[in-house]
Amino acid sequence: MTTPLAELLAQVPALNDPAQPFSFEGVDGKIVGKWDIVRAKSLYPKEFKTIDKKYSITVEFDERKGTYKYKDREKSSNTSLSSGGLSFGTSSFSGKTSKKEFSFELGGINKTDEGISPVLAWSFDTSRIKTPLFEFLEKNGWKHKKGLFG
């Protein structure tokens, strides 16, 4: 038996763990998980660089069937200004993905939301945000809607 959607959405804040870099909320009958992976400005002696990387997962429900489907979204942008000129880029993704990333830069001055450091390191693994969410849904009786060939 599935937990009624209104009741399920009322329980969503219990998924939030202050020790994790992501959060969940119930919005318009959906669950949205958000993760600001990295937002930094690197100030090198002869270069200025910014990076901004975000991820979200949106879960939609079919109350009649007791199923859910989800969509991953990722957006990143970067800018670099150096003696070689200005460069910038953006990328975005929408669909289903499973991904692990890690980045480590040493040197210069890096400013993030956590402060200033000579090290800029970040990691991202979609399973960190999806596992607690999907376990929560399963525990409440909701089943993942299988695709066309599922």
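## Terms and model

Helices and strands here are DSSP runs, numbered from the N terminus: a helix is H or I over at least four residues, a strand is E over at least two. This is a predicted model, in which local features need pLDDT of at least 70 and side-chain atom pairs count only at pLDDT 80 or more, while totals for chains, interfaces and linings use all residues. Residues are numbered from 1 along each chain as its sequence is written, and side-chain values use heavy atoms, with hydrogens and water left out.

## Strand pairing around strand 4

Start with strand 4, residues 67-82. Two strands count as paired if DSSP finds at least two bridges between them. Strand 4 runs antiparallel to strand 3, and 16 bridges join the two. Lys53 stands opposite Ser76 of strand 4. Glu47 faces Ser82, also in strand 4. The two strands form a hairpin with four residues between them. Gly66 sits in that turn and has a positive phi of about 70°.

Strand 4 also pairs with strand 5, residues 85-95. The sense is antiparallel, over 11 bridges. Asn78 has Gly89 of strand 5 as its bridge partner. Lys75 is bridged to Ser92 of strand 5. Strands 4 and 5 make a hairpin too, with two residues between them. What sense does the pairing of strand 4 with strand 8 have, parallel or antiparallel? Strand 8 (residues 143-144) runs parallel to strand 4, and two bridges join them. One bridge pair is Thr67 and Lys143, the latter in strand 8.

## The nonpolar core

A nonpolar core is a set of buried Ala, Val, Leu, Ile, Met, Phe, Trp, Tyr and Cys residues joined through side-chain atoms within 4.5 Å. Buried means under 20% relative accessible area; exposed is over 50%, and partly exposed lies in between (1.4 Å probe, protein chains only). In soluble globular proteins, nonpolar side chains tend to be buried together.

The largest core in this model has 22 residues. Those with the most contacts inside it are Leu8, Phe24, Ile31, Val59, Phe61, Leu133 and Leu137. Which elements each supply at least two residues of this core? They are helix 1 (5-11), strand 1 (22-27), strand 2 (30-44), strand 3 (47-62), strand 4 and helix 2 (126-139). Contact means heavy atoms within 4.5 Å. Setting aside residues up to four places away in sequence, Ile31 touches many residues, including Leu8, Phe24, Val59, Phe61, Leu133, Phe136 and Leu137.

## Thr3, Asp62 and Trp142

Thr3 lies in the segment before helix 1. With a relative accessible area of 11%, Thr3 is buried. Leaving aside neighbours within four places in sequence, Thr3 contacts Leu8, Gln11, Asn140 and Trp142.

Trp142 also touches Asp62, a residue of strand 3. Asp62 counts as partly exposed, at 25% relative accessibility. Beyond its neighbours within four places in sequence, Asp62 is in contact with Thr67 and Trp142. Asp62 and Trp142 are 80 residues apart along the chain, and 9.4 Å separates their C-alpha atoms.

## Two exposed residues

Asp28 sits in the loop between strand 1 and strand 2. Asp28 is exposed, with a relative accessible area of 74%. Its phi is positive, about 50°, although Asp28 is not a glycine.

Phe102 belongs to strand 6, residues 100-112. Is Phe102 buried or exposed? Phe102 counts as exposed, at 61% relative accessibility. Phe102 and Leu86 are 16 residues apart in sequence, and their C-alpha atoms lie 25 Å apart in space.

## The largest pocket

On a 1 Å grid over the protein atoms alone, a pocket is an open set of points where a 1.4 Å probe fits, with protein on both sides within 12 Å along at least five of seven lines; lining residues have an atom within 4 Å of a point. Volume is the space filled by probe spheres set on the points, which are joined across faces, edges and corners. The largest pocket holds about 240 Å³ of space.

Its lining has 10 residues, and Asp36, Ile37, Val38, Arg39 and Glu114 lie nearest the centre. Strand 2 gives the most to the lining, with four residues. Strand 2 and strand 7 (115-125) each supply at least two. The lining divides into five nonpolar, one polar and four charged residues. Here Ala, Val, Leu, Ile, Met, Phe, Trp, Tyr, Cys and Pro count as nonpolar, Asp, Glu, Lys and Arg as charged, and the others, Gly among them, as polar.
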